[in-house]
Amino acid sequence: MLSTSSDSHYQLKIASFNLFNFIAPPDAFYEFDNIYTQEQWQKKLNWIAKYLNEHQPDVIAFQEVFSPDELETLTKACGLDYFSVLDSPQVMDDFIYSKPVVALASRYPIKEAVSVSADKEWAAQMGLVSEFEFSRKPLRATVDLPKLGLCDCYVVHFKSKRALFDAQDIKANSATSSFRKSPADAELNTGQLLAIEALGRWGSSVQRGSEAALLRYAMVERRSQTQNPMILMGDFNDILSDGVLAALTSVDTRIKPQADMSQGAMGDIAHQLGFYRLQDSYDLYQASQYSLSEQGRPATHYYFAKGSVLDYILLSSEFDAKNDLSLAEVGRYETYDRHLINPSFEHDSQSTDHAPVMITLAIRE
């Protein structure tokens, strides 16, 4: 366990938190009757503030933000003086919102913030439509962190596993659809509906995986220009080990980089590959001197009784203790899941369906 009184390391806490429909009344999320009462809304605000005040993150990424102004007010009241949100939630009707956005709050100055867009040329090379875009625009905030300097912090909320289209809706419209049916068929049959469901789910996977690959490209482009350390955090809506998200961390390659001695250490092939690599902070923690190896990795989300890790913090090589150019290491990894595994209605009824994750970075003096 990382000592909080260590004299040899400066500590920073980095967290990611899916807020679960953070929207101030009288606005609604998705449906006209999804409106918090004032009592429910205040309870939700209090639950979030309690987490922030107890765990004291220095930088925290948020997902499912419908009311960014209210979130900024809340985080600043909890000592996070800097806040960034660039995208806007989509309004379906006067007060009904869809497509929430991501945000970032920090105790330290945010020097620059931009929305990350998909590279159109590379999207086309991948066989995607020319207007392909992230389902929710990632945020890149460059934060001036103590001891580390400028660090590019990325906040993401990748496409969910919800199907891109619903087979039942298509069935209802099948009389006028272009789906091929035999003359005797008035509707799509069960087999067709099953296949359509599979198409819809795979469409979501294609979207999510494409987002991961195009984001990695954008991060590498930025890294090439600035050499800033990178932190990627958010709700990935999939397990990182799944092939759909492999592009984020994969180092499998047929490329054989040529050593360039003019770049010093970067001329070494291993350093070239490692410099652009992202690693799961949990794995880095497990490999650290602080790891409690007997503990398994807690889930961050449950679907009925099945738990999955959907929320991640990925780090560049500056945070890998085994890297020669390491500036810090992961001294603690925490999953706040009490409200998921042992909920109390009194305290947790307006909390979140995800477990916030937080890491503590021990930065070398």
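**Figure 1. R223 and E318, a buried charged pair.** R223 is buried, and E318 is buried too. We're looking at a predicted model here, and in it the side chains of these two residues meet in a salt bridge, with 2.8 Å from N to O. R223 sits in helix α5 (residues 190-226), while E318 belongs to the loop between β15 (311-315) and β16 (328-335), so the pair ties together parts that are 95 residues apart in sequence. As for the wider tally, a search of the whole structure turns up 13 salt bridges.

**Figure 2. R297 and D280, a pair with one partner buried.** Here the side chains of R297 and D280 form a salt bridge at 2.7 Å, N to O. D280 comes from strand β12 (residues 279-280) and R297 from the loop between α7 (281-286) and β13 (301-303), so this contact ties together parts that are 17 residues apart in sequence. Which of the two labels, buried or partly exposed, goes to D280? D280 has 5% relative accessibility, and because the buried class covers everything under 20%, D280 counts as buried. R297, at 25% relative accessibility, counts as partly exposed.

**Figure 3. K120 and E133, a partly exposed pair.** The salt bridge between the side chains of K120 and E133 spans 3.5 Å from N to O. It links distant parts of the chain: K120 is in helix α3 (residues 120-125), and E133 is in the loop between α3 and β9 (139-145), 13 residues apart. Both ends have some accessible area: K120 is partly exposed with a relative accessible area of 38%, and E133 is partly exposed with 22%.

**Figure 4. A salt-bridge network.** Zoom in on E112, R140, D152 and R222, and you'll find them linked in a network of salt bridges. The background chemistry is simple: side chains of opposite charge can pair when their charged atoms come close.

**Figure 5. L214 and its contacts.** L214 has its place in helix α5, and at 3% relative accessibility L214 counts as buried. What does L214 touch, once residues up to four places away in sequence are set aside? The list runs A118, D119, W122, A123, M126, L128, F132 and F134. For a backbone yardstick, take S117: its C-alpha atom is 8.7 Å from that of L214, though the two residues are 97 apart along the chain.

**Figure 6. V65 and the residues around it.** V65 is part of strand β3 (residues 59-65). With 0% relative accessibility, V65 counts as buried. Ignoring neighbours within four places in sequence, V65 makes contact with L19, F22, L71, P89, P100, V101 and A103. The C-alpha atoms of V65 and V85 are separated by 9.3 Å, with their positions 20 residues apart along the chain.

**Figure 7. The largest pocket.** This one has a volume of about 1,400 Å³. How many residues line the largest pocket, and which lie nearest its centre? The lining takes in 44 residues, with R136, S160, K161, R162 and N237 nearest the centre. If you sort the lining by class, you get 14 nonpolar, 13 polar and 17 charged residues. Among the secondary-structure elements, β1 (9-22), β13 and β14 (306-308) each contribute at least two residues to this lining.

**Figure 8. The largest cavity.** Rolling a probe the size of a water molecule over the atoms shows where empty space is left. The structure holds one cavity of 30 Å³ or more, and the largest cavity has about 50 Å³ of space. Its lining is made of V85, L86, D87, P100, V101, V102, S115, R136, K137, P138 and L139. By class, that comes to seven nonpolar, one polar and three charged residues. Some of these names should ring a bell: P100 and V101 are among the contacts of V65, and R136 is one of the residues nearest the centre of the largest pocket.

**Figure 9. The whole chain, for context.** Zooming back out, the chain has nine helices and 17 strands. Of its 365 residues, 49% count as buried. Among contacts with a separation of 6 or more, 72% are between residues 24 or more positions apart. The chain exposes about 18,100 Å², and carbon and sulfur atoms supply 51% of that area.

Key: Residues numbered from 1 in each chain as written. Predicted model: local features only at pLDDT ≥ 70, side-chain atom pairs only at ≥ 80, totals over all residues. Heavy atoms only, no water. Salt bridge = Lys/Arg side-chain N within 4 Å of Asp/Glu carboxyl O. Helix = DSSP H or I, 4+ residues; strand = E, 2+ residues; numbered from the N terminus. Buried < 20%, exposed > 50% of the residue type's maximum accessible area, 1.4 Å probe, protein only. Contact = heavy atoms within 4.5 Å. 1 Å grid on protein atoms, 1.4 Å probe; cavity = no way out; pocket = protein on both sides within 12 Å on 5 of 7 lines; lining within 4 Å. Points joined across faces, edges and corners; volume = space filled by probe spheres on them. Nonpolar A, V, L, I, M, F, W, Y, C, P; charged D, E, K, R; others polar. Areas by Shrake-Rupley, 256 points an atom, 1.4 Å probe, with all protein chains shown as cover.
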